[in-house]
Amino acid sequence: MRVSDLLRPLVATGTAMSLASLALTLDNARRVRRPGLADIPAPEPLSVLIPMRDEAHNAERCLLAVLEAADRWPGPARIHVLDDGSADGTDAVLARLASMDDRVRVHPGSAPPPGWLGKTWACAQLAEKAFPGGVHVFLDADVVVEPHAFTSSFALLRNAGLDLVSPYPRQVAVGAGERLVQPLLQWSWLSTLPLGLAERSPRESLTAANGQFLVVDAAMYRRAGGHEAVHDVVLEDIALLRAVKAAGGRGVVAEGSDVATCRMYRGWDEVRAGYRKSLWSAFGSPGGTLGVTGLLCLMYVLPAAAALFGSRTGLVGYLAGVASRVVSARCTGGRGWPDAFAHPLSILVFTGLAVDSTLARQRGDLQWKGRPIEVRR
């Protein structure tokens, strides 16, 4: 039996799965929740909570946009920023901005207690400073919100009867490394997660969120245990939504390209370092990482490789993957062409990053911004 005869069933399987994923992407692009840009919620207290560590290059742009958005808020608004041991002049930038507007409160952070990760501890400290009621907005320093971001996102939360909503910012990608990897963020949940079911189901596996921009009801945040409930979890955003679901709440990821933008990493070195710190935990275990990346290669790399050798089935599978990426890009404000044609290469790069992250975790080499990441799970 020739090798091609052995691979033919695998190519057919991968193609069938990529077609099914394309169908789900199309359905999700139709049903994904989006903040209504003109919606204004009833007045409630707003607490914007922003952890910063060495963010001097982002702090001013982030906070000025936040203040403009807070101007549109119908109730009381306060912006709490935690300077988490910055050594790049972030403190001076924050002090100047706080002196310009008394809604901005800057707090020095303390070192994480044993068992806590840096970001979860920073968010927990910020939550202690927030209004006890209303809504908490957790925002990363590299996110730039639109003037209607808070009003429209909170209106979505209340109008849809949700307890947590995560408006996924439009991801800005510059350069080959960023453009190969970053579009996979939105594509990953649009192509794999049935959003209608995920919103109703308490199942942990049906959960997606993005800690860059999280809007959560303050009372539900406390009932779910806040960031203490996820204090040692690297992907704390997804874990927080799972905690909300476990407490009887409802939440979902939303399409937020019209309310916020984010350039998550700048250049390949930051892309690799950023995914190294967290990707090992995305699939539960090294075996889970191997299984998921192997499945992705079956769906998107093998059919493309077979197409190069004349397989029509493989060509259909390759085009299904490209189409799924284009639908995702159009839905989320990303770049569809020509980047989608490189989808198999994106999957291969992602697989390499997952392996790199898993090996770094096993060696104990995980760190971020000069701080070792000590994790148990």
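## A three-stranded sheet

Three strands make up an open sheet in the order S5-S10-S7, and the pairing in it is mixed. The edges belong to strand S5 (143-145) and strand S7 (170-171), each of which pairs on one side only. Please keep in mind as you browse that this is a predicted model.

Let us look at one of the pairings here. S5 and strand S10 (residues 260-262) run antiparallel and are joined by three bridges. If you would like a pair to find on screen, try Val144, whose bridge partner in S10 is Thr261.

## The seven-stranded sheet

There is another open sheet to explore, built from seven strands in the order S3-S2-S1-S4-S8-S6-S9, again with mixed pairing. Which strands stand at the edges? They are S3 and strand S9 (251-255); each has a single partner strand, so one side of each is left without a neighbour in the sheet. On average, neighbouring strands of this sheet are turned by 20° against each other, direction ignored.

As a general reminder, strands of a sheet pair through backbone hydrogen bonds, in either a parallel or an antiparallel way.

## Strand S2 and its two partners

S2 is a good place to start inside this sheet. Strand S1 (residues 46-52) pairs with S2 in the parallel sense, over seven bridges. Two residue pairs help to place this pairing: Ser47 has Arg78 of S2 as its bridge partner, while Met52 has Asp83 of S2.

S2 (residues 77-83) is also joined to strand S3 (residues 104-108), by five bridges, and these two strands run parallel as well. Here His80 stands opposite Arg105 in S3. How many of the seven residues of S2 are buried? Six of them are, so to speak, under cover: S2 is mostly covered.

## Two β-α-β units

The strands just described are linked through helices. S1, helix H2 (residues 59-71) and S2 make a β-α-β unit that is right-handed. S2 then takes part in another right-handed β-α-β unit, with helix H3 (residues 90-100) and S3. H3 lies across S1, S2 and S3, and its direction is at about 160° to S2.

The two helices of these units also meet each other. The axes of H2 and H3 come within 10 Å and cross at roughly 25°, which means that H2 is roughly parallel to H3. Their crossing is right-handed. On the H2 side the contact is made by Ala59, Glu60, Leu63 and Leu64, and on the H3 side by Val93, Leu94, Arg96 and Leu97.

## Helices H12 and H14

Further along the chain, helix H12 (residues 286-308) packs with helix H14 (residues 343-363) at an angle of about 165°, and their axes are 9 Å apart. Is H12 roughly parallel or roughly antiparallel to H14? With that angle, H12 is roughly antiparallel to H14. The crossing of H12 and H14 is left-handed. H12 brings Pro286, Thr289, Thr293, Leu296, Cys297, Tyr300, Val301 and Ala304 to the contact, and H14 brings His343, Pro344, Ile347, Leu348, Phe350, Thr351, Ala354, Thr358 and Gln362.

Ser357 also has its place in H14. Its relative accessibility is 0%, so Ser357 counts as buried, the cut-off being under 20%. Setting aside residues up to four places away in sequence, Ser357 touches Tyr275, Arg276, Ser278, Leu279, Trp280 and Leu366.

## Phe213 in strand S8

Our last stop is Phe213, which sits in strand S8 (residues 213-217), one of the strands of the seven-stranded sheet. Is Phe213 buried or exposed? Phe213 is buried, because its relative accessible area is 0%.

What does Phe213 touch, not counting residues up to four places away in sequence? Its contacts are Val137, Phe138, Leu139, Ala149, Phe150, Ser153, Val165, Ser166, Pro167, Pro169, Val259 and Ala260. Of these, Ala260 belongs to S10 (residues 260-262). Val144, the residue paired with Thr261, is 69 residues from Phe213 in sequence, and the two are 9.9 Å apart in space, C-alpha to C-alpha.

Definitions and conventions: Residues are numbered from 1 along each chain as its sequence is written. This is a predicted model: local features need pLDDT of at least 70, side-chain atom pairs count only at pLDDT 80 or more; totals for chains, interfaces and linings use all residues. Side-chain values use heavy atoms; hydrogens and water are left out. Two strands pair if DSSP finds at least two bridges between them. Helices (H or I, at least four residues) and strands (E, at least two) are DSSP runs, numbered from the N terminus. A crossover is right-handed if, with the strands pointing away from the viewer, the path from the first strand over the helix to the second runs clockwise. Buried means under 20% relative accessible area, exposed over 50%, partly exposed in between (1.4 Å probe, protein chains only). Axes are lines fitted to C-alpha atoms, for helices over the stretch in contact, and angles run from 0 to 180 degrees between N-to-C directions. Angles under 35 degrees count as roughly parallel, over 145 as roughly antiparallel, 65 to 115 as roughly perpendicular and the rest as oblique. A crossing is left-handed if the near helix is turned anticlockwise from the far one by less than a right angle, and right-handed if clockwise. Contact means heavy atoms within 4.5 Å.
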